Amino acid sequence: MELGLYQTQSLKLVMTNELRQAITILQYPTLELTHFLRQQALENPLIDLLEKRTEPVQGDSQSDLDARDSWFYEEDDTNPINFLKAEDPSLQDHLIEQIAWLDISENERMAAEYMIYCLDENGYLDCSLERLQVELGIPEEALEHILGLVQQLEPAGVGARSLSECLLLQFDRIEYNNSVARTIIQHHLNDLADKKFTHIMKALQITKDELKQADELIRSLNPRPCVSYSQSRSEWVQPEFFIELDETGRYIIRMNEELVPEVTLNERYFRLMKGHHDAKAYLEKQLQKYEWLKRSLEQRRQTLTSLGEYLVQRQRDFFEYGYEALKPMTLREVADAIEVHESTVSRAVKNKTIQTPKGTIALKSLFSSKLDRGNDSEEASSTQVKVRIQQMIEEETKGKPLSDQKLADKLKSEGISISRRTVAKYREELGIASSSKRKALVV
């Protein structure tokens with residue numbers, strides 16, 4: 001191998017600060033972009049943010065507006081703000097409040113509260129009694145007694161160590177007079193979940209009607225009794241686009257820019273650049289950042305506008321009829337249509353939503369792969385096929401649910417040729433159980 005100096009030419013992409021900022025801004029949804037711009041205004045004295053205000057309706061005087069909004073400031077019983085629901089208490093708060101009313105010793109109360117904080121989000125005890133015995137230094141018999149106290153609290157089923165125990169706690173609380181259901185919960189719960197009805201009837205020597213009654217009773221119980229306490233509060237979603245119908249019945253798209261403040265130049269600091277040489281270098285650097293930000297925002301606006309216009313053109317039927325009419329559309333197809341890179345489209349749709357006449361949906365849900373429907377038909381999207389699979393399962397005979405192969409055969413008869421494995425994949429993505437799990441007991 002000969003050593004020496006050689007000159008070669010090559011092309012490569014250099015990730016400049018301006019390019020990195022443009023990529024980051026393109027990915028931001030509306031609310032995050034607003035937060036980012038306010039952070040930039042705090043760091044750069046040359047950036048001023050002009051908050052956009054909703055224009056009043058023509059003909060409304062200031063007194064009319066004040067009268068219309070006066071309820072907001074009045075502290076009376078008709079103020080809707082007074083009726084907003086307060087934040088719900090946590091599961092632990094709810095249970096500890098009940099513990100306070102029990103006639104138990106202070107040591108038992110402290111152990112019960114410790115046990116309450118060992119519950120998972122569904123209300124199940126998330127650690128063994130052996131571990132609690134070591135951590136609390138309490139005999140096992142005492143822990144069993146304290147666990148029994150916790151299991152007496154509301155909601156019924158809290159403090160269970162297994163699904164079977166959870167259902168039994170609810171079963172005993174309501175005092176059902178059905179020994180078959182109790183036996184199934186204790187010994188045949190897995191068989192019931194696997195739809196092994198014949199096996200259960202032979203093992204317990206019961207009729208199909210008795211099994212159906214027990215099955216309906218067990219299904220009325222809640223396997224996750226405390227899940228409502230762990231559900232997060234609803235979050236506001238600000239869509240990136242609004243799809244609306246104009247007077248002529250044509251769909252138009254409008255970007256949601258009301259919440260995004262306008263970036264302007266602070267003229268006062270800009271004038272200081274000429275009069276203060278000490279600050280000139282610093283302010284010139286900040287001016288460059290301001291110009292980068294303006295260009296990045298304009299580039300984001302142009303990209304999203306082009307994307308929105310193409311969506312209205314390509315997916316008009318979806319906006320009118322829903323997912324059944326969603327046409328296949330890929331990132332590559334959109335990128336070619338609006339003349340940008342595929343990765344740019346991917347970033348543009350990330351974490352963004354669009355408000356349509358059919359509701360507010362994630363922008364990425366409009367993208368789906370193509371499936372062949374034969375030479376005489378249009379190509380179908382994977383989303384359309386999922387909708388059709390869901391429809392066929394909803395219409396199936398509950399006693400004889402359709403297998404994945406039968407679903408694939410029915411789709412083939414409709415001109416959609418996909419394999420059984422693809423059907424199984426789509427069914428799992430829809431959160432639908434297999435045919436053996438969907439089988440119902442029919443008397």
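Visitor: Why is the contact between the side chains of Arg-254 and Glu-258 called a salt bridge?

Guide: In this predicted model, the side chains of Arg-254 and Glu-258 meet at 3.2 Å, N to O. A salt bridge requires such a nitrogen and a carboxyl oxygen to lie within 4 Å, so the pair at 3.2 Å qualifies.

Visitor: What makes Arg-254 and Glu-258 partly exposed?

Guide: Arg-254 has a relative accessibility of 33%, and Glu-258 has a relative accessible area of 40%. Buried means under 20% and exposed over 50%, so both residues count as partly exposed.

Visitor: How many salt bridges does a search of the whole structure find, and where does the one between Arg-131 and Glu-135 lie?

Guide: The search finds 19 salt bridges. Arg-131 and Glu-135 meet at 2.9 Å, N to O, and both belong to helix 6 (residues 129–136), where being four residues apart separates them by about one helical turn. Arg-131, at 48% relative accessibility, is partly exposed, and Glu-135, at 37%, is partly exposed as well.

Visitor: What makes the salt bridge of Glu-429 and Lys-386 a tie between separate parts of the sequence?

Guide: The side chains of Glu-429 and Lys-386 meet at 2.6 Å, N to O. Glu-429 lies in helix 21 (residues 420–429) and Lys-386 in helix 19 (residues 382–395), so the pair ties together parts that are 43 residues apart in sequence. Glu-429 is partly exposed, with a relative accessible area of 44%. Elsewhere, Glu-144, Arg-161 and Glu-165 are linked in a network of salt bridges.

Visitor: Why is the pair of Tyr-251 and Phe-319 called tilted?

Guide: A search of the whole structure finds four aromatic pairs. In the pair of Tyr-251 and Phe-319, the ring centres are 6.1 Å apart and the planes stand at 50 degrees. The centres fall within the 6.5 Å cut-off, and the angle is neither under 30 degrees, as stacking requires, nor over 60, as edge-to-face requires, so the pair is tilted. This pair links distant parts of the chain, with Tyr-251 in strand 3 and Phe-319 in helix 16, 68 residues apart.

Visitor: What makes the pair of Phe-318 and Phe-319 edge-to-face?

Guide: Phe-318 and Phe-319 have their rings 5.6 Å apart, centre to centre, with 65 degrees between the planes, and an angle over 60 counts as edge-to-face. Ring pairs link Tyr-251, Phe-318, Phe-319 and Tyr-323 into a cluster.

Visitor: How do you know whether Phe-318 and Phe-319 are buried or exposed?

Guide: Phe-318 has 1% relative accessibility and Phe-319 has 0%; both values fall under 20%, so both residues count as buried. Tyr-251 is buried too.

Visitor: Which residues have the most contacts inside the largest nonpolar core, and how many residues does this core have?

Guide: The core has 25 residues, and those with the most contacts inside it are Leu-307, Val-334, Leu-363 and Leu-366. Among the elements that give two or more residues to this core are strand 2 (241–245), strand 3 (251–255) and helix 17 (331–338), while helix 15 gives the most, with five residues. Leaving aside neighbours within four places in sequence, Leu-363 is in contact with residues including Phe-241, Leu-307, Leu-311 and Ile-354. A second, separate core of 24 residues includes Ile-116, Leu-129, Ile-146 and Leu-153.

Visitor: Why is there no bond between the sulfurs of Cys-118 and Cys-127?

Guide: The structure holds zero disulfides. The sulfur of Cys-118 is 3.7 Å from its closest cysteine sulfur, in Cys-127, whereas a disulfide needs the two atoms within 2.5 Å, so the distance is too far for a bond. Cys-226 is in no disulfide either, with the nearest cysteine sulfur, that of Cys-166, 7.8 Å away. Cys-118, at 15% relative accessibility, counts as buried, and Cys-226, at 0%, is buried as well.

Visitor: Which elements have the lowest and the highest mean pLDDT?

Guide: The mean pLDDT of the protein chain is 80, and 82% of its residues reach 70 or more. Helix 3 (residues 62–69) has the lowest mean among the elements, 48, and helix 17 the highest, 90. Over residues 56–61 the pLDDT is below 50, and this stretch has four contacts beyond near neighbours in sequence; over residues 65–77 the pLDDT is again below 50, with twelve such contacts. Where pLDDT is low, the predicted coordinates should not be read in detail.

Technical notes:
Residues are numbered from 1 along each chain as its sequence is written. Side-chain values use heavy atoms; hydrogens and water are left out. A nonpolar core is a set of buried Ala, Val, Leu, Ile, Met, Phe, Trp, Tyr and Cys residues joined through side-chain atoms within 4.5 Å. Buried means under 20% relative accessible area, exposed over 50%, partly exposed in between (1.4 Å probe, protein chains only). Contact means heavy atoms within 4.5 Å. pLDDT is the predictor's confidence in each residue, from 0 to 100. Rings of Phe, Tyr and Trp (its six-membered ring) pair if their centres lie within 6.5 Å; planes under 30 degrees apart count as stacked, over 60 as edge-to-face and the rest as tilted.
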